[in-house]
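Work through the exercises below with the sequence and coordinates at hand. Each task is followed by a solution in steps.

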Amino acid sequence: MKIRLTTCALALTLTSILAPQSLIAQGSLTPPGTPAPTMKSLDQIESRTPISSTTTISQSGSYYLTGNIAVSSGTAITIAADNVTLDLNGFTISSTEAVPAGSGILLSSGRKHVHIFNGHIKGNVTWSGSVFSGGGFLRGIFYTGTLPNNVRVSGVSVSGCQSHGIFLSYDTNATVVQSCTVQTVGGTGISASTVVQSVALTCGGDGIFAREASDCRGDAVTSGSGISATTANNCLGRSNTGGGLNASHAQNCVGSSQTNIGLSAMDALNCSGSNGGAAAAVSATIAQNCQGYSSSSGTGVSAQTAQNCYGESTSGTGLNASRVATNCQGYSVSGAGISVLMAQNCYAETGGNGQAMNARTATNCYAKGPGNVTVLFSYVAIGCYVEGPGNIGGSIAVSCSGNVISPARYNMP
């Protein structure tokens, strides 16, 4: 059987096959409703409250500066709530007050869980000669009333305040100042329980006052200490008339003072100190691997026990140990090189007419001096060598020798 298609039927069939999909009905083209945004707003991502002028924060939350804030009197921002994060957002809080007053940021009594970061606080106080003068803020960051707790300040610079820079008190174990700088303040530069990677220069009080200070530098231009801490690691402290660095435990630290103790610690490890007065350059109960230099009449290194230490003085004693000095060296231009109860494997030298070494007991020691006096004086000297025109003095000298006037002055076999 044959099938015949008419011309019209064939045309209709080809049109249906070859017609584009766009010509085929797809349903209603009317939108279902008004288009709505699909992205989240900033408030939905992180709810933060902007600050553009002087304010008191009385509600917990996250706040940020939208620009610089300049005040003509009093405190710029008061934090009167717990659980507050304040982002200075790289901006500056400043004061133009003629007589210093108020704080850049003030924490009300007993504040907890506060973080302040990323910005600057600036006053107009300057240091000239021995006087801090000028206007602006009295303090940079400060608290009032009960001590703050669990507070952290990071990445903030403070300058030109009549009193303290960043002061959170070291009496609580939960205040931290990190990566901050303070310069030209009439009181304490930085005070917190823990201070790390921070610098405080040109301070009228202590540069840094903390329970633990690490990787810090402090500079006191009056009688304050450059750094005062229970534990100090990798720190540099300097003071004009106060102690350069004072700590119970000091490690890898440097301290200097023009007239006072350069570095003072109960135990000092790998430390050095210098001074230009009558005090010790390094003063410690236990000193290990330490160096001290006094450019005046002070002692280079003064300790109860000294090990692997070097002390030098212009007119004072190079190294003084009230108990034991082991593997130590002491030099003085005109005073004693080493003065110690018991000296073991030590080297002492004087450039004057004094005793190079004065020890109750000296074992395997070397003493050198140009004077005609007793270069080595020891009640018991064993295996010691003396160089110079002087002599060995004491009660018992065993197996000792040297280029001296009287190597057998006392009971030397």
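**Backbone exercises**

Gln197 sits in the loop that joins strand E17 (190–196) to strand E18 (199–203). The model is predicted.

**Exercise 1.** Determine the sign of phi at Gln197 and whether the residue is buried, partly exposed or exposed.

Step 1. Phi of Gln197 is near 50°, so the sign is positive in a residue other than glycine.
Step 2. Most residues other than glycine have a negative phi.
Step 3. The relative accessible area of Gln197 is 47%. Partly exposed covers values between 20% and 50%, so Gln197 is partly exposed.

**Exercise 2.** Locate Asn308 and state its phi and exposure class.

Step 1. Asn308 is in the loop between strand E29 (301–307) and strand E30 (310–313).
Step 2. Its phi is positive, about 55°, although Asn308 is not a glycine.
Step 3. With a relative accessible area of 35%, Asn308 is partly exposed.

**Cysteine exercises**

**Exercise 3.** How many disulfides does the structure hold? Check Cys180 and Cys290 against the cut-off.

Step 1. A disulfide needs two cysteine sulfur atoms within 2.5 Å.
Step 2. The count for the structure is zero.
Step 3. For Cys180, the nearest cysteine sulfur belongs to Cys216 and is 9.9 Å away, and Cys180 is in no disulfide.
Step 4. For Cys290, the nearest cysteine sulfur is that of Cys309, 4.8 Å away, and Cys290 is in no disulfide either.

**Exercise 4.** Are Cys180 and Cys290 buried or exposed?

Step 1. Buried means under 20% relative accessible area.
Step 2. Cys180 has 1% relative accessibility, so Cys180 counts as buried.
Step 3. Cys290 has 1% relative accessibility and therefore counts as buried.

Notes: Residues numbered from 1 in each chain as written. Predicted model: local features only at pLDDT ≥ 70, side-chain atom pairs only at ≥ 80, totals over all residues. Heavy atoms only, no water. Buried < 20%, exposed > 50% of the residue type's maximum accessible area, 1.4 Å probe, protein only. Helix = DSSP H or I, 4+ residues; strand = E, 2+ residues; numbered from the N terminus.
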